[in-house]
Amino acid sequence: MSSHGGARQGGVDEPTSFDLQPPTPHPDRVPNPAAPMPHPGNPYASPTQMVPPQAHTRREPPQPPHSPPPSSQPSREPGVGRLIAGRYRLLSKLGHGGMGTVWRAADETVDREVAVKEPRVPDHLPERERANAFERMRREARAAARLDHPAVVNVHDVAVVDGQPWIVMELVQGRSLGAVLQEEGTLSAREAARVGLEVLGALEAAHAAGILHRDVKPDNVLLGRHDRVVLTDFGIAQIEGETNLTDTGGFVGSPEYIAPERVLGQRPGPASDLWSLGVVLYAATEGVSPFRRSNTPATLQSILHAAPAPPAVAQGPLAEVITGLLQKDPVHRPNAAQVRALLETVANPPAPPPTQVVHSPGLGDGSGVGSGPGGKGGVRIGYRTLAGLGAAVVAGAVAAYLVIADPFAGPLPDGWEIHEEKDVAASVPVPKGYQRTVPDREKDKDHWVRYTDHSGSIWVGLTLDRKAEDTGNTIEGSADAEMYDDDKRFKETGNYSLDMPANPKTHPKPNLTHKGRKAAENTVVYTTDDSQNPRPREMRIFYYRTSAEDMYKLTISYPGKGDFTERGREVARTVIDNLDIEESAEGSAKESAEEPVDAP
């Protein structure tokens, strides 16, 4: 139930929440559900009616009306002008719903405008349910009053009138996120991340106080002035140590935002509120609610069993947040700290530094940039150079080249750990704390593992293409050939999943060795093709082919400019240097002797 300025979505689906709705000024005029939406395909885009912010004006007690006939001016809304608790003068309705009506009111004691929530319980309800409804409102006041956070609405007072609690809160001038999605369409990734961070802060404060919100949704997120974001409506919050108010045989909340564990009747926790935040972020960026169906039972079934379509608009860390939060099992969802780190990289991307010139000190240093074609200071031995030298010189040059280029060297630095990955038959070194992602075996039969730092700026991925599974014969005959094949595709078409446009700058490095076996590398430098937020990226790819003709690709991706660039290059060097691929020494020696040398 949204309050003091919130609005809810309309549409043909049955109501699935206790959202507040702007009052319909003419009850006999029902909006046409077939009317065109301002944003086709956006379920939030149904027409809505908002109450604009009004300047504070003191209202006198209601006087006998002197107005034109009803045909030209409607009569005053019932309740306007009523004085509550001898202090709060009701000015106009802001919204109403199943549990109450929210009024704009004037606090005549301190001369300020406030929002007042009036209990609104049908007379036909049994006494027990009426008591529960009133207790929810008292609980909302207690829950919000216990929290001290700028993203939580302030509760000023609880006025008891005829035994019923009226909650007096600060008036947030603005609109709900639900109204914004209705009227203006989706948010940009950066704005969605900013809003998400504020809601996350409110949830963190609530969870620290032992409070679960249980109804996080766009209508309960208010977008106020000066970029303020407020999470409101703690009316169905669960406070640690207090009795659950859920009635027998049902639950309260908005079904399309409820976490699966709550649908199953399991005990919710902070991860349940974070699930709801994930649904909000999905709806805010994609324009659709991922689990909404035509009725409540179908919506609940989709929450339990349906996999939402992968985010199409949200990319990178924001997509990672949404996908992670919508994991059915709460154990697999990221915690609040991990969500915050990812959202901050989207909401506050690092400013590009002044023009930066990167010089490569030479081949094998791990920087990757400048050591390819056109690079200054790099070393590259080509076929013609070797052919023009004497046999002794050639042997010495090749020996020196292999020593310099052999990446397997040095102990693992402090703060690193090795992951034994059976599916890809390798030991992968990564910095401690990186988040590990593996395939969902029900949907993805490929062999890969990925590690991402909490900011989302740097990630390490290892893939294994097994020859025995290569029915299309797509694996090339050597590491060099595989590297050049990828390089060609990058130049011709780019890479959609990496936001890479066609024709990036590449720096191939053939004829390398890894533990005495042939290997190759390529460093790719590009600017993402995200039209709203293009970012410089650098990616170092290491190729290795086993004696069983399986192909490994180790990819390290990191920002191409800024503070994370050098750290990304350091991570790339260390991961490649210490990668251990499980392969017999006999097989390695045999292939090393048989495999021909590839010319660049």
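## A guided tour, starting at Lys-117

Select Lys-117 to begin: this residue is found in strand S4, which spans residues 112-119. The model on display is a predicted one. In the UniProt record, an unreviewed entry, the annotation "binding site" covers Lys-117. Is Lys-117 buried or exposed? Its relative accessible area is 0%, so Lys-117 counts as buried, the cut-off being under 20%.

**Strand S4 and its partners**

Extend the selection to the whole of S4. The strand is mostly covered, with seven of its eight residues buried. Next, add strand S3, residues 100-107, which pairs with S4 in the antiparallel sense over eight bridges. Within this pairing, Thr-101 can be picked out opposite Glu-118 of S4. Four residues lie between the two strands of this hairpin, where Asp-111 takes a positive phi near 60°.

Now display strand S6, residues 164-170. S6 also pairs with S4 in the antiparallel sense, over four bridges. To locate one of the contacts between them, select Val-114 and its bridge partner in S6, Glu-170. As background for viewing these strands, side chains in a regular strand alternate between the two faces of the sheet.

**The nonpolar cores**

Move on to the largest nonpolar core, which holds 52 residues. Which of its residues touch the most other members? They are Leu-187, Val-199, Val-221, Phe-234 and Leu-343. Helix H3, residues 189-208, supplies the largest share of this core, namely nine residues. Centre the view on Leu-343 and show its surroundings: leaving aside residues up to four places away in sequence, Leu-343 touches Ala-193, Gly-196, Leu-197, Leu-281, Leu-318 and Val-321. A second, separate core of 27 residues can be selected afterwards; among its members are Val-428, Val-449, Leu-554 and Tyr-558.

**Aromatic pairs**

The structure holds two aromatic pairs. Select Trp-275 and Phe-291 for the stacked one, in which the ring centres are 5.3 Å apart and the planes make an angle of 20°. Trp-275 belongs to helix H5 (residues 270-286), whereas Phe-291 sits in the loop between H5 and helix H6 (296-305), so the pair ties together parts that are 16 residues apart in sequence. Both Trp-275 and Phe-291 are buried.

For the tilted pair, select Tyr-544 and Tyr-552, with 6.5 Å centre to centre and 55° between the planes. Tyr-544 and Tyr-552 are both buried as well.

A further ring to visit is that of Trp-459. Arg-450 lies over the face of Trp-459, at 4.0 Å from the ring centre.

**Last stop: Asp-580**

Finally, select Asp-580, which is found in strand S21, residues 580-581. How accessible is Asp-580, and what relative area does it have? Asp-580 has a relative accessible area of 30% and is therefore partly exposed, a class that runs between the 20% limit for buried and the 50% limit for exposed. Show its contacts next: Asp-580 touches Ala-426, Ser-427 and Lys-515, again not counting residues up to four places away in sequence. To close, draw a distance between the C-alpha atoms of Asp-580 and Ile-418; the two residues are 162 residues apart along the chain, and these atoms are separated by 9.6 Å.

Methods
Residues numbered from 1 in each chain as written. Predicted model: local features only at pLDDT ≥ 70, side-chain atom pairs only at ≥ 80, totals over all residues. Heavy atoms only, no water. UniProt positions renumbered as here; feature names shortened; annotations may be inferred. Buried < 20%, exposed > 50% of the residue type's maximum accessible area, 1.4 Å probe, protein only. Phe/Tyr/Trp six-rings, centres within 6.5 Å; stacked < 30°, edge-to-face > 60°. Lys NZ or Arg CZ within 6 Å of the ring centre and 35° of its normal. Pairing = 2+ DSSP bridges. Core = buried A, V, L, I, M, F, W, Y, C linked by side-chain atoms within 4.5 Å. Contact = heavy atoms within 4.5 Å.
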